[in-house]
Structures are given as C-alpha cells and as structure tokens.
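Visitor: I would like to go through the labels used for this entry and hear the reasoning behind each one.

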Amino acid sequence: MGRFWIITIVVVVLALLVGGGVGGHHVSKQNAFCITCHAYEKVSWDHGDHFFNDCLDCHTKGLVTDKLHGVRKVYLMFTGQNNPHNDPPSRLYPEKTSDNCTDCHMTSEVEANEPEFFAQHTGMMENFDTCQACHDDSGHDPELQALRFEAPRFTQEE
Ligand code: HEC
Ligand code: HEC
Ligand code: HEC
Ligand code: HEC
C-alpha cells in the first residue's frame, strides 16, 4: 500500500474523530482527544477561568462544520503544513466562539437573575464584535498558551 493511501486512511479515521462527538461520547475522553494535538491549550485551559468547561463548549461551530474543519486540520497536520504544538492556526473563528459564550452567559435566566449585568453587557455588545474583545483571557491563560511557540520543534523526516 502506498504512502498516499496510508495517509488517506489515517486522515479519514482521525477526521471522523476530530471536531466532536456524535451522541453518547464521554466528554472527558473528548477533551483528552483534543489535547493530543493541543497540549499547550490544555495547560492554559487548566489555569484559566473555565477549567470546568469542555473544549467544545467554547469551540464548537456546529457538528457539521466541526467535522469539515476536522478533516482540514488532520490534512494540514499529516501533510506537514501545520504542527499544532508550535504553529498558530491559520484561521480562527472568534465570532463562533463568542456565540458560545453568549449561549451560556446571556440567557433569559441570567437576564432575570442579573438584570444589571445583562443590560450592561447587551449595551456593550453593540460596540464590540466578540466577548473576547474585553475578556481575552477567558478560556486560556495567555502566558501559558504562548509557551507553545517556544516549544522544541519536531521536524518531519522525509
Ligand atoms: C489531529 C490533531 C488535532 C486534533 C485531535 C484536534 N485538533 Fe484542533 N487543530 C489542529 C490543527 C492542525 C489546527 C490548525 C488548523 C489551521 O491552521 O487552520 C487546529 C486548530 C484548532 C483551533 C483554532 C482554529 C479552529 O479551527 O477553530 C481550535 C479552536 C481547535 N483546533 C480546537 C480543537 C478541539 C476543541 C479539539 C477536540 C474536539 C481539537 N482541536 C482536536 C489539530 C488538531
Ligand atoms: C471558556 C471558553 C474556552 C474553553 C473551555 C477552551 N477554549 Fe480554546 N480558546 C478560547 C478563546 C476565547 C480562544 C481565542 C481565540 C478565539 O477567540 O477564537 C481560544 C483559542 C484556542 C486555540 C487557538 C490558539 C491560538 O493560537 O489562538 C486552540 C487550539 C484552542 N483554543 C484549543 C482548546 C482546547 C484543546 C480546549 C480544551 C482543553 C479549549 N481550547 C478550551 C476559549 C476557550
Ligand atoms: C458552557 C458554559 C460556558 C461557556 C461556553 C463560557 N462560560 Fe464563562 N463561565 C461559565 C461559568 C459556569 C462561570 C462561573 C460562574 C459565573 O461567573 O457565571 C463562568 C465565568 C466567567 C467569567 C467570570 C470569571 C471570573 O472568575 O471572574 C467570565 C468573564 C466569563 N465566564 C466569560 C466567558 C467568555 C468570554 C466565554 C467565551 C469565550 C465564556 N465565558 C464561555 C460558563 C461558561
Ligand atoms: C466592552 C468590554 C466588554 C465586553 C465586550 C464584554 N464584557 Fe463581560 N465584563 C466586562 C467588564 C468591565 C466586567 C466587570 C469586571 C470583571 O469582572 O472583569 C465584565 C464582567 C463579565 C462577567 C462576570 C460577571 C460577574 O458577575 O462576575 C461575565 C460572566 C462576562 N463579563 C461575560 C461576558 C460575555 C459572555 C461577553 C460577550 C457576550 C462579554 N462579557 C463581553 C467587559 C466586557
């Protein structure tokens, strides 16, 4: 079997896994899976304000998009174009992430229980695109996350 096919099969299998679960998965296993490629994000998440949330609570873009992006990520990795332990992602989706913040923090329950917070934040969001505009350290401790770029590189043998 040629190298191409081996890569293709690995990509397909991993792609089905990356980007989240289909019903009945164990959430903790899913976090562990993300961490296999995003070790520094785990450390910075452990020390962030949201260690009790799962990766996908903030990072889901919807199941279908997650799967498609998962395919792309595995492809980029196996073709040596992105090493997630060192390289910044070529794309981010801050608006999607912010939508996920909103789903937890700007609910009708919050509106009822914390009307001042809700009104203040609704007002602020008229001038800002994302929650991260002000809460840039939510989710990850920025200093720990930045260690990623200093980590030793593992070059791929050809
Ligand atoms: C097989 C390795 C691998 C696994 C497993 C993996 N990722 Fe990624 N991830 C990558 C790569 C490579 C990139 C960079 C993609 C790019 O440059 O566009 C990335 C980018 C990201 C980004 C930034 C861009 C984006 O797509 O939103 C986030 C957030 C992310 N991953 C979260 C996760 C989460 C959450 C999981 C677990 C459900 C996960 N990753 C599992 C390899 C992986
Ligand atoms: C409370 C929400 C939250 C949780 C939980 C969370 N993240 Fe993030 N993550 C963010 C935010 C906010 C960013 C900044 C980029 C953005 O705004 O989209 C980010 C960025 C990232 C990036 C891109 C890094 C870069 O260079 O910008 C990756 C990869 C990532 N997270 C992976 C993970 C993984 C893996 C987990 C679980 C171990 C996780 N995140 C848990 C909110 C979260
Ligand atoms: C799955 C639900 C969930 C998601 C998604 C989520 N949070 Fe939270 N967040 C919580 C909970 C629970 C707390 C702790 C109780 C509280 O303060 O509401 C919290 C706490 C906070 C705090 C107060 C932290 C402190 O200790 O002072 C801020 C600020 C915050 N979140 C912002 C964000 C932002 C920004 C995002 C998106 C990047 C986000 N959250 C995503 C559930 C969530
Ligand atoms: C213009 C800046 C700004 C934007 C944008 C913003 N916030 Fe805040 N947020 C603040 C400030 C200031 C506080 C109060 C000081 C603090 O606790 O950090 C705060 C406090 C919070 C708290 C803690 C409230 C408490 O009772 O402890 C949460 C949770 C929160 N914001 C979530 C969000 C979410 C979710 C979004 C996006 C919908 C968002 N914020 C957008 C500035 C902002």
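Guide: The model is predicted, and what follows takes its ligand sites in turn.

Visitor: What makes His 50 and His 105 donors of the iron atom of ligand 3?

Guide: Their NE2 atoms lie 1.9 to 2.0 Å from the iron atom. The cut-off for a donor is an N, O or S atom within 2.8 Å of the metal, so both count.

Visitor: Why is the arrangement around the iron atom of ligand 3 called octahedral?

Guide: The six donor atoms there subtend angles of 86 to 179 degrees. Six donors count as octahedral if opposite ones are over 155 degrees apart and all others are between 65 and 115. The arrangement is octahedral because of the angles that its six donors subtend. For reference, ideal octahedral angles are 90 or 180 degrees.

Visitor: Which parts of the chain does the pair His 50 and His 105 tie together?

Guide: His 50 is in the loop between α3 (39–46) and α4 (55–59), while His 105 belongs to helix α6 (residues 94–105), so the parts joined are 55 residues apart in sequence.

Visitor: Is His 50 called buried or exposed, and why?

Guide: Buried, because its relative accessibility is 18% and the limit is under 20%. His 105, at 42%, counts as partly exposed, since that class runs between the buried limit and 50%.

Visitor: What coordinates the iron atom of ligand 2?

Guide: His 59 and His 140 do, each through NE2, at 1.9 to 2.0 Å. His 59 is in helix α4 and His 140 in the loop between α8 (115–124) and α9 (142–146), so this pair connects parts 81 residues apart in sequence.

Visitor: Why is the site in ligand 2 called octahedral?

Guide: Its six donor atoms subtend angles of 87 to 180 degrees, and the arrangement is therefore octahedral.

Visitor: How do you know whether His 59 and His 140 are buried or partly exposed?

Guide: His 140 has a relative accessible area of 16% and is therefore buried. His 59 has 40% and counts as partly exposed.

Visitor: Which side chains make polar contacts with ligand 1?

Guide: Among them is His 38, with an N or O side-chain atom 2.8 Å from a nitrogen atom of ligand 1. Lys 61 has a polar side-chain atom 3.2 Å from an oxygen atom of the ligand, and Asn 82 has an N or O side-chain atom 3.2 Å from an oxygen atom of it. The cut-off for such a pair is 3.5 Å.

Visitor: How many residues surround ligand 1, and of what classes?

Guide: There are 22, made up of twelve nonpolar, six polar and four charged residues.

Methods. Residues are numbered from 1 along each chain as its sequence is written. Chains are lettered from A and ligands numbered from 1 in the order in which they are written. This is a predicted model: local features need pLDDT of at least 70, side-chain atom pairs count only at pLDDT 80 or more; totals for chains, interfaces and linings use all residues. Side-chain values use heavy atoms; hydrogens and water are left out. Donors are N, O and S atoms within 2.8 Å of the metal (3.2 Å for Na, K and Ca); water is not among the atoms, so sites may look incomplete. Four donors count as tetrahedral if all angles lie between 85 and 135 degrees; four count as square planar and six as octahedral if opposite donors are over 155 degrees apart and all others between 65 and 115; anything else is irregular. Helices (H or I, at least four residues) and strands (E, at least two) are DSSP runs, numbered from the N terminus. Buried means under 20% relative accessible area, exposed over 50%, partly exposed in between (1.4 Å probe, protein chains only). A residue is near a molecule or strand if one of its heavy atoms lies within 4 Å of it. A polar contact is a pair of N or O atoms within 3.5 Å; within protein, one must be able to donate a hydrogen and the other to accept it, and residues adjacent in sequence count only if both atoms are side-chain atoms. Ala, Val, Leu, Ile, Met, Phe, Trp, Tyr, Cys and Pro count as nonpolar, Asp, Glu, Lys and Arg as charged, and the others, Gly among them, as polar.
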